[in-house]
Amino acid sequence: MSRTLCTIREAGKHVEQPVTIGCWLHNIRSSGKIRFLQLRDGSGFMQGVVVKSEVSEEVWENAGKLTQESSLYITGIVKEDTRSKGGYELTVTGLEIIQIASEYPITPKEHGVDFLMDHRHLWIRSPRQRAILVVRAQIIRAVQEFFDERGFHLVDPPILTPSSCEGTTNLFHTKYFEEDAYLTQSGQLYMEAAAMALGRVYSFGPTFRAEKSKTRRHLIEFWMIEPEMAFVTHEENLEIQEQFVSHVVQSVLKNCRKELETLERDISKLENIQAPFPRITYDEAVEFLKKNGHEFEWGEDFGAPHETAIAQSYDKPVFITHYPTEIKAFYMKPDPSRPEVVLCADMIAPEGYGEIIGGSQRIDDPELMEERFLQHELSKEAYQWYLDLRKYGSVPHSGFGLGLERTVAWICGLDHVRETIPFPRLLYRLYP
Ligand code: 4AD
Ligand code: MG
């Protein structure tokens, strides 16, 4: 019989036909004269059934030798099986061992977080971790789809930069030959230049914050999607954000059903994520907090417990707009009718996942920008190019940054961002 090399994902196209699949043994269960092999190949999971009376002695013996994570080529007939998760099962006829794996450190029993983090290179093989990484990849696909379909151009800002974007306290320093350089905290300033050249742009890349924060929402290295749009004002910025986030969530629902099931995610909470999203001002948020027993003064920034409390009133992400100018970045445009607040918004995800987007309209007036440089003690030389954008055909423009990992955590329903990225860089963790 001829055989077709295929993946578990595509097995359904070969029902009642012989196929060969390159795979690993996830688990094995024996009951007398039948061996049930749980197989995985990265594309999915499938059960292979070896019946002693129907295979050669060699195949039966070899199946018995397989340890967890052993690699093999397995051959069999694809059977429809409505009881199984993937919908198909393999009636095994042949089995070729590639390698019998040494004793695998991650067993189906419970392991502590540190142990799993030390074995992250193996941990990502487990069904849960695989599901998260598949959802992450789908989110990235949906992000690119959204912007590419709307005429945005992908632009790549630099990783090594001579100055800071989001403040100087959490910069990673390095030497750039004789000069000082920093790992980027955000591509935004460069994206503003790109928006003046290409109109509507977005970037997708790694960003770095040397933050001594050990929380379930902070990574040292995380990935950001940063759109920047010429001629777009604060209000329009919010509309694009809510459409964008709705699109991403709906795309995951459509394309990652199995993964969301593996993660036991409450799908109804995600189905509800459709634009428009509620908006409240910073002032209203402060009132709300005070009414609900939080000690909070106008002018303070929200911490995680505040964000969670505010988000609890909504079953969609909520925009908090018009923060005090004092506590926000130097580039945000003051509200013309009330310059003590800026035309900005943070998008707070529901279910306690906190801020997933920070965005604003940008200052377009060169004089005000120079004033800000002084106030924030930013050297005029370092930011001269950024000021140029306000001198040569300045226009109203806005943008935002979506943190990929917090978005993955929210959509997957995870307790901690450490599981949202293949190899998390956390405070005091650089291995593996
Ligand atoms: O609010 P942030 O700091 O905004 C900026 O960097 C702007 N320059 C973006 C822009 O307008 N182009 O960061 C944006 C988002 C946050 O809302 C959060 O989702 C994520 O990035 N983020 C982090 N994610 C994981 N770990 C960290 N340490 C993060 N810091 C920010
Ligand atoms: Mg922010």
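Here is a short conversation about the surroundings of ligand 1 in a predicted model.

Visitor: What makes the pair between ligand 1 and the side chain of glutamate 226 a polar contact?

Guide: A nitrogen atom of ligand 1 is 2.6 Å from an N or O atom in that side chain. The cut-off for such a pair is 3.5 Å, so this one counts as a polar contact.

Visitor: Which part of leucine 219 lies 2.9 Å from a nitrogen atom of ligand 1, backbone or side chain?

Guide: For leucine 219 the atom is a backbone N or O. Serine 186 uses its side chain, where an N or O atom is 2.9 Å from a nitrogen of ligand 1. Both distances are within 3.5 Å, so both pairs are polar contacts. As for cover, ligand 1 taken alone exposes 630 Å², and the protein buries 93% of that.

Visitor: How do you know that ligand 1 sits in the largest pocket?

Guide: The test is that more than half of a molecule's atoms lie within 2 Å of the pocket's grid points. Ligand 1 is assigned to the largest pocket, so it passes that test.

Visitor: Which residues come nearest to ligand 1, and which strands supply the shell?

Guide: Of the 21 residues around ligand 1, Glu166, Gln188, Glu226, Glu355 and Ile356 come nearest. Strands β12 (221–230), β18 (354–361) and β19 (397–403) each supply at least two shell residues, and β18 gives the largest share, with 4.

Visitor: How many residues of the shell are called charged, and why?

Guide: The shell has 8 charged residues, beside 7 nonpolar and 6 polar. Asp, Glu, Lys and Arg count as charged, so Glu166, for one, falls in that group.

Methods: Residues numbered from 1 in each chain as written. Chains lettered and ligands numbered in written order. Predicted model: local features only at pLDDT ≥ 70, side-chain atom pairs only at ≥ 80, totals over all residues. Heavy atoms only, no water. Near = heavy atom within 4 Å. Polar contact = N/O pair within 3.5 Å; in protein donor to acceptor, adjacent residues only side chain to side chain. Areas by Shrake-Rupley, 256 points an atom, 1.4 Å probe, with all protein chains shown as cover. 1 Å grid on protein atoms, 1.4 Å probe; cavity = no way out; pocket = protein on both sides within 12 Å on 5 of 7 lines; lining within 4 Å.
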